[in-house]
Amino acid sequence: MAGEVAVAGSGPSVRRIAVIGGGPGGLYAAALLKRLDPARTITVYERNAPDDTFGFGVVLSDETLGGIEHADPEVYRALSREFVRWDTIDIVHRSRTHTSGGHGFAALGRRRLLEILHERCTALGVDLRFRTEAPPAAELAAGHDLVIAADGVNSVTRRAHADVFGPSLTEHRNRYIWLAADFALDAFRFEIAETPYGVMQLHGYPYAADASTVIVEMREEVWRAAGLDSCDGAESTARCAKFFTEALDGRPLRSNRSSWIAFRTVTNSRWSHGNTVLIGDAAHTAHFSIGSGTKLAVEDALSLAACIEEQPGLPAALTAYEAERRPVVASTQRAAAASLRWFEELATYVDQPPRRFAFNLLTRSRRVTHDNLRLRDASFTAAVEEEFGCPPGTPPMFTPFRLRGLELRNRVVVSPMDMYSATDGLPGDFHLVHLGARALGGAGLTMTEMVCVSPEGRITPGCTGLWTDEQATAWRRITDFVHTSAPGAAIGVQLGHSGRKGSTKLMWEGIDQPLETGNWPVSAASPLPYRPGVNQVPRELDHAQLTTIRDQFVQAAHRATTAGFDLLELHCAHGYLLSGFLSPLTNHRTDGYGGQLENRLRFPLEVFDAVREVWPAERPMTVRISATDWAEGGTDAADAVEIARAFAAHGADAIDVSTGQVVPEERPEYGRSYQTPYADRIRNTVDVPVIAVGAISSWDDVNSLLLAGRADLCALARPHLYDPNWTLHAAAEQGYTGPGAPWPLPYGAGSRTPPTGRTDAPKPRLRLD
């Protein structure tokens, strides 16, 4: 929509416009709106001089350039004459350079970009007022039809009306500085320096025939250890050149009043207030490592101008602008946050095999994936696959993986999903069909729902259990079917106890709502209800009761052995009983099971040890954890590493890394693969395999996570509800027919994609208007 500008709508009513800030977004918005209606009076207030600018080069995507070309060909032509273009990325790590091609970049100097926009605005008759502080937005709003606040990350407008815009500013852990080199790099270059002070990184790219942008970044503690916090600009610049002498070939760097800063992510709950609207960094920021700031600002300008022309009035236009741009910006911010976190955790990756490290860096934002990287540079991707151990023609997800005596034929796990369809804890025909279908569908490992160790440990009356021999016999029927009808497929059981989240309705009757009748008493680490005034107040377990529950887990594990399960997972996540001991938000005990993390781990580890002792030595045992509570004061990523480390030391064969569901006031950061960074951090910090879970929805995501070393196995839930044959279809779509995804013999005829309607009909040769 932003690329197509109509000529009817609210435009005629928006005649007097003030723009606060003369950066690319503000200038381009002014030029577009003036071009659409030359009768408009548009004033741009810029407190700096015309040639004052910060930073050096600007990278623009083909998508953004396409919008510019359509909306203002003259600006596009001027930009095109200036662009430096290249398509390769060099990753330099431990003196080895790995090059990946096919990426496509276009850059030019920020100063030259501003000059082009100045020239365009002047030619159109925009009033550019340099070295002029803008009057307050409220004052401008009284005398103008529209005020565009393009006043940057430190927006005065946003701050003055914070009660309406609802800003949130998050400062991050790395320090960085913008510098330049007086020569052109021949690729986008990422270089890693492992110094006595810690790991540093360089981001560099050409923006002119004789100049490159160079950003140096590191964790704040590294910055301080290196003494850079006490250096002036000149000394910082000289020292950065020495840290990266290989990248610069011994040449110096230069600065432009550059200083060390920490990146701040800006969001706003609203982008407009009356006739004042935020664009660019005033409205939102996204980390520079995905090259997004100028791009987003220019796209905001395109969208705003289009909406003003298309909508019947300014309120509708500003609503449409925000509705159009907010999802795009949110997606960009999610990708930027993933990239930012990757560089913050860079030290955890430096020991990866060299090609895996390079692939990991390239796919850090999740926007570049295994499949599209293979399209961009097949030889590079093939080299990464070979280093990973993929047999020829085998996607990463179909390589086998061993846990103790169990070899999984592929890396796909059907994640535990509560079905709430049992009677008195007995799995029935529904469970046979549900789990059997997914095992037939090709997954390497199919997990049961949480199987409860006692009637009191159920979440709902429909939960399955293993507290009787009759239940074990019913489970044996299911495992026998899997092993007989889906040879090579494994089936695992997840044992758990509901704790304070028990005695509730079936999910579709009211999730986490207490039963209207037939409630049973619930218990927990501390007498804290899940939701005060709604759920029961649990009894705090004493030592004797803890021993009883531990023994119930042991008896359930005995029955799981006779039931024929290949793997056992201990459920220590999602606010259930064992998770309730781990989180400081749900464990307020003052005895040896409360307080510091070491004590909060004690009971879950006691249960783990007791179960591991009776579970057959050749069969693996995993643990599911909530790696963050998504709530202030709760378990965080650093705690999760220590929790994983403790279970690994006690013999856990893998950690299944989930998040949240511990407290109702949680605020998850949802998005594609949103939980995988926690698995990634554990895998690359603790010597233990991990299972990643959380909005992993495509086989491309699975391949990318595995090849980057962020996970060893990937668990998918909803995709397997949508398609029980998800794994087999993933193999077919990738043209894979090997042992990692064998079709059951009765299903063999369905192993090819069914034909669809004819698509090769002759095209018409004549069109009559």
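**Reading cores, a sheet and overall size**

Me: Which residues have the most contacts inside the largest nonpolar core, and how many residues does that core have?

Reply: A nonpolar core is a set of buried Ala, Val, Leu, Ile, Met, Phe, Trp, Tyr and Cys residues joined through side-chain atoms within 4.5 Å, where buried means under 20% relative accessible area with a 1.4 Å probe, protein chains only. Here the largest one has 120 residues, and Leu495, Phe647 and Ile682 have the most contacts inside it. Domain 1 (16-346) and domain 2 (412-690) each give this core at least three residues; the bounds come from an automatic or database domain assignment. Another core, of 58 residues, lies apart from it and includes Leu33 and Leu108.

This is a predicted model, in which local features need pLDDT of at least 70, side-chain atom pairs count only at pLDDT 80 or more, and totals for chains, interfaces and linings use all residues. Residues are numbered from 1 along each chain as its sequence is written, and side-chain values use heavy atoms, without hydrogens and water.

Me: How much of the chain is buried?

Reply: Buried residues are 60% of the 769 in the chain.

Me: Why does the radius of gyration agree with a compact globule?

Reply: This radius is taken over C-alpha atoms, and the globule rule is 2.2 Å times the number of residues to the power 0.38. For 769 residues the rule gives a value near 27 Å, and the chain has 29 Å, which agrees. The C-alpha trace spans about 85 × 70 × 60 Å along its principal axes.

How values were computed:
Buried means under 20% relative accessible area, exposed over 50%, partly exposed in between (1.4 Å probe, protein chains only).
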